[in-house]
Amino acid sequence: MPLPALTTQHLAKSFGSTHAVQDVSLTVRAGETLALLGPSGCGKSTVLRMVAGLERPDTGQGEVGRVEVGGRDVTALPPEARHIGLVFQDYALFPHLSVLDNVAYGPRMRGATRAEAHGRAREALELVNLPELSARKPAQLSGGQAQRVALARALATGSPLLLLDEPLSNLDERLRAELRNDLRELFGRVGAGVLLVTHDQREALALAGQVAVMRAGQLVQTGAARDVFDQPATAWVAAFLGWANVLEREDGQALLIPEDAVQLGEGDAFTLTARHATEAGETITVAHPLGLLTLNLSAREVGRIDGQTLRFDVNMTRVQRVINDLKT
Ligand code: ATP
């Protein structure tokens, strides 16, 4: 077994009274892409910045945070000594350097000769299909091209780990779709581990084999992307991943409802198709366009199983709205 590209253990970070990240432990295996997925403000970028060395994990309480890259403990090292390829939202290309010199920068910093570094940079630009733009300055590139150059710069480092923070967020929808396909193919070819931060469910599913869903500073579900999308552990995860109709039992288990089974409106009674029976007195949560709704089933409302169909005759005006949105 090759060593994992990345292991984090017990990463925590607070800013004043904001607990931005709490006890995040995850592993990215070599050749694998893991998407850290969650709503805005849940702490994704802070995890990435701790991995990159741009932010120090808290050492105050609990277990001490640790970051290993390719099996090497880098927790105490500055960013430049960690040997990580980074791609940020704004690309951060050096405006005064040519594309070739931007891409050659990493290898140069690691002691390669100018000729070696340029050789590596040309290979990386080939990988992202931009060899003909080497002489241009960043200001002469389109958004999609600048994104590819930033990626080439990360690839040229030859690092076992690439970190990408919302790499497609500054691009229009068409370019985004195009680059999504390119990136997936590229990640497969380069063999590095990739940690990708995104709030976009489709992007995570399109690019990553593994997904770690984060909410309010904590990991709430980690696993193969398909499994997480098909079997969200909780109603919150299910609703965040776009499931239209979800029930949640008191034990927290999510019950998924096929999309066409129900449309809830104010005052509606509804009929659901579910995988599990319910009992009187059980509290369930229903995902609704307004947010997650909870209700305590009365005897009259208990689901009657008719094949796979559970019938709830619940009047929505009785339903209490508990979570207004999915921001945290
Ligand atoms: P987004 O998708 O919007 O980029 P995110 O999931 O990456 O969000 P973070 O940027 O990690 O979230 O922020 C997590 C929390 O920590 C937020 O509440 C944010 O306001 C706070 N935070 C992040 N950096 C700082 C900082 N330097 N000082 C104070 N608070 C911060």
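In what order do the strands of the open sheet of four stand? The order is β2-β1-β4-β5, with antiparallel pairing. The legends below start with that sheet.

**View 1. The four-stranded open sheet and its edges**. This is a predicted model: local features need pLDDT of at least 70, side-chain atom pairs count only at pLDDT 80 or more, and totals for chains, interfaces and linings use all residues. Residues are numbered from 1 along each chain as its sequence is written. Strands (E, at least two residues) and helices (H or I, at least four) are DSSP runs, numbered from the N terminus. Two strands pair if DSSP finds at least two bridges between them. β2 (18–28) and β5 (72–73) stand at the edges. Each has a single partner strand, so one side of each is left without a neighbour in the sheet. Strands of a sheet pair through backbone hydrogen bonds, either parallel or antiparallel.

**View 2. The hairpin of β1 and β2**. β1 covers residues 6–15 and runs antiparallel to β2, with seven bridges joining the two. T8 has L26 of β2 as its bridge partner. F15 is bridged to T18 of β2. Two residues lie between the strands of the hairpin. In the turn, G16 has a positive phi of about 60°.

**View 3. Helix α1 on the sheet**. Helix α1 (residues 44–52) packs on the sheet of four strands, in the order β2-β1-β4-β5. The helix touches β1, β2 and β4 (66–69). A contact means that the C-beta atoms of two residues, placed from the backbone, lie within 7 Å. The direction of α1 makes about 120° with that of β1. Axes are lines fitted to C-alpha atoms, for helices over the stretch in contact, and angles run from 0 to 180 degrees between N-to-C directions.

**View 4. The shell around the ligand**. Which residues surround the ligand? They are F15, T18, A20, G38, S40, G41, C42, G43, K44, S45, T46 and H199. A residue is near the ligand if its C-beta atom, placed from the backbone, lies within 6 Å of it. β2 and α1 are the elements that give two or more residues to this shell. α1 gives the most, with three residues. By class, the shell has three nonpolar, eight polar and one charged residues. Ala, Val, Leu, Ile, Met, Phe, Trp, Tyr, Cys and Pro count as nonpolar, Asp, Glu, Lys and Arg as charged, and the others, Gly among them, as polar.

**View 5. The six-stranded open sheet**. The order here is β6-β7-β8-β3-β9-β10, with mixed pairing. β6 (85–87) and β10 (218–224) are the edge strands, and each pairs on one side only. From one strand to the next, the twist averages 15°. β7 (residues 161–165) and β8 (residues 193–198) pair in the parallel sense over five bridges. L162 stands opposite V194 in β8.

**View 6. Where two domains meet**. The domain assignment, which is automatic or from a database, gives domain 1 (6–230) and domain 2 (237–323). Six residues of domain 1 are in contact with four residues of domain 2. On the domain 1 side, four are nonpolar, two polar and none charged.

**View 7. Confidence along the chain**. pLDDT is the predictor's confidence in each residue, from 0 to 100. The chain has a mean pLDDT of 79, and 72% of its residues reach 70 or more. Over residues 265–275, pLDDT stays under 50.
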